[in-house]
Amino acid sequence: MQGYQLSFFTQQGHRHHGVPLAEWILQEAHRLGIGGATLFAASEGFGGDRRIHAARFFELADQPEEVTMALSAQEAELLLDRLRGEGVKVFYVKTPVEYGMLGEK
C-alpha cells in the first residue's frame with residue numbers, strides 16, 4: 001500500500017491535557033482507528049532551539065521521544081487535522097512510503 005510515515009518528535013515533559021504529549025498522540029491515533037503506532041524513547045537529541053535534550057538520572061522530563069506510524073493519506077490528514085484542532089505544538093516529519101504486512105495471518 002502507498003501512504004505516509006508520520007513521525008512526531010517531542011520530550012517526555014511536554015504535556016497535553018495533563019498527559020505526556022507522545023502518549024496523548026499515541027492514544028489519539030488509536031482512538032481514530034489508525035492501525036498501529038510506536039513510541040520510542042531516545043537517550044539524547046537536539047531540536048530547533050539547538051539545546052541538547054537528554055535523559056539524565058535526575059531529569060527524565062527532558063528525554064526525547066518519537067511517535068512513528070505508517071498510515072494512509074486519509075488517516076494522515078485525519079490525525080494532523082485532529083492535532084491542529086487541539087492546538088498541539090509538535091515537530092513532525094511526513095514521508096511518502098510503501099507499507100504492508102508479510103507472512104501468514
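Reader: In which strand does Phe91 have its place?

Author: In this predicted model, Phe91 belongs to strand β8, which covers residues 91-98.

Reader: Why does Phe91 count as exposed?

Author: The term exposed applies to a relative accessible area over 50%. Phe91 has a relative accessibility of 56%, and it is therefore classed as exposed.

Reader: Which residues form a nonpolar patch on the surface with Phe91?

Author: The partners of Phe91 in this patch are Phe9 and Val93. Together, the three residues have about 280 Å² of accessible area. Nonpolar side chains are joined into a patch within 5 Å, and each member must have over 30% relative accessible area. The 56% of Phe91 meets that requirement, so Phe91 can be counted as a member.

Reader: What makes Leu39 partly exposed?

Author: Partly exposed is the class between buried, under 20%, and exposed, over 50%. The relative accessible area of Leu39 is 35%, so the residue falls into the partly exposed class. Leu39 lies in strand β4, residues 38-41.

Reader: With which residues is Leu39 in contact, leaving aside its neighbours within four places in sequence?

Author: The contacts of Leu39 are Ala22, Leu26, Glu65, Glu66 and Val67. A contact requires heavy atoms within 4.5 Å. As for Phe8, 31 residues from Leu39 along the chain, the C-alpha atoms of the two residues are separated by 9.4 Å.

Reader: Why is His17 exposed?

Author: The cut-off for exposed is over 50%. His17 reaches 61% relative accessibility and is therefore exposed. His17 sits in the loop between β2 (15-16) and β3 (19-20). Its phi is near 55°, a positive value in a residue other than glycine.

Reader: In what order do the four strands form an open sheet?

Author: The order is β4-β7-β1-β8, with antiparallel pairing. The edge strands are β4 and β8, each of which pairs on one side only. On average, neighbouring strands of this sheet are turned by 20° against each other, direction ignored.

Reader: How many bridges join β4 to strand β7?

Author: Four bridges join β4 to β7 (residues 64-71), and the two strands run antiparallel. Two strands pair if there are at least two bridges between them. With four bridges, β4 and β7 therefore meet the criterion. Phe40 stands opposite Glu66 in β7.

Reader: How many bridges join β1 to β8?

Author: Eight bridges join β1 to β8 in the antiparallel sense. This count satisfies the requirement of at least two, so the strands are paired. β1 and β7 also pair in the antiparallel sense over eight bridges. Leu6 stands opposite Lys94 in β8, and its bridge partner in β7 is Met69.

Reader: Across which strands does helix α1 lie?

Author: Helix α1 (residues 21-31) lies across β1 (2-11), β4 and β7, and runs at about 15° to β7. Helix α2 (residues 73-85) lies across β1, β7 and β8, and runs at about 30° to β1.

Reader: Which pattern does the chain follow, read along the sequence?

Author: The pattern is β-β-β-α-β-β-β-β-α-β, and the secondary structure comes to two helices and eight strands.

Reader: What percentage of the 105 residues in the chain do buried residues make up?

Author: Buried residues make up 31% of the chain. The chain exposes about 7100 Å², of which carbon and sulfur atoms supply 56%. Among contacts between residues at least 6 apart in sequence, 69% join residues at least 24 apart.

Conventions: Residues are numbered from 1 along each chain as its sequence is written. This is a predicted model: local features need pLDDT of at least 70, side-chain atom pairs count only at pLDDT 80 or more; totals for chains, interfaces and linings use all residues. Side-chain values use heavy atoms; hydrogens and water are left out. Patches are made of residues with over 30% relative accessible area and no salt bridge: like charges are joined within 9 Å, nonpolar side chains (Val, Leu, Ile, Met, Phe, Trp, Tyr) within 5 Å. Accessible areas come from the Shrake-Rupley method with a 1.4 Å probe; for residues, only the protein chains shown count as cover. A salt bridge is a side-chain nitrogen of Lys or Arg within 4 Å of a carboxyl oxygen of Asp or Glu. Buried means under 20% relative accessible area, exposed over 50%, partly exposed in between (1.4 Å probe, protein chains only). Axes are lines fitted to C-alpha atoms, for helices over the stretch in contact, and angles run from 0 to 180 degrees between N-to-C directions.
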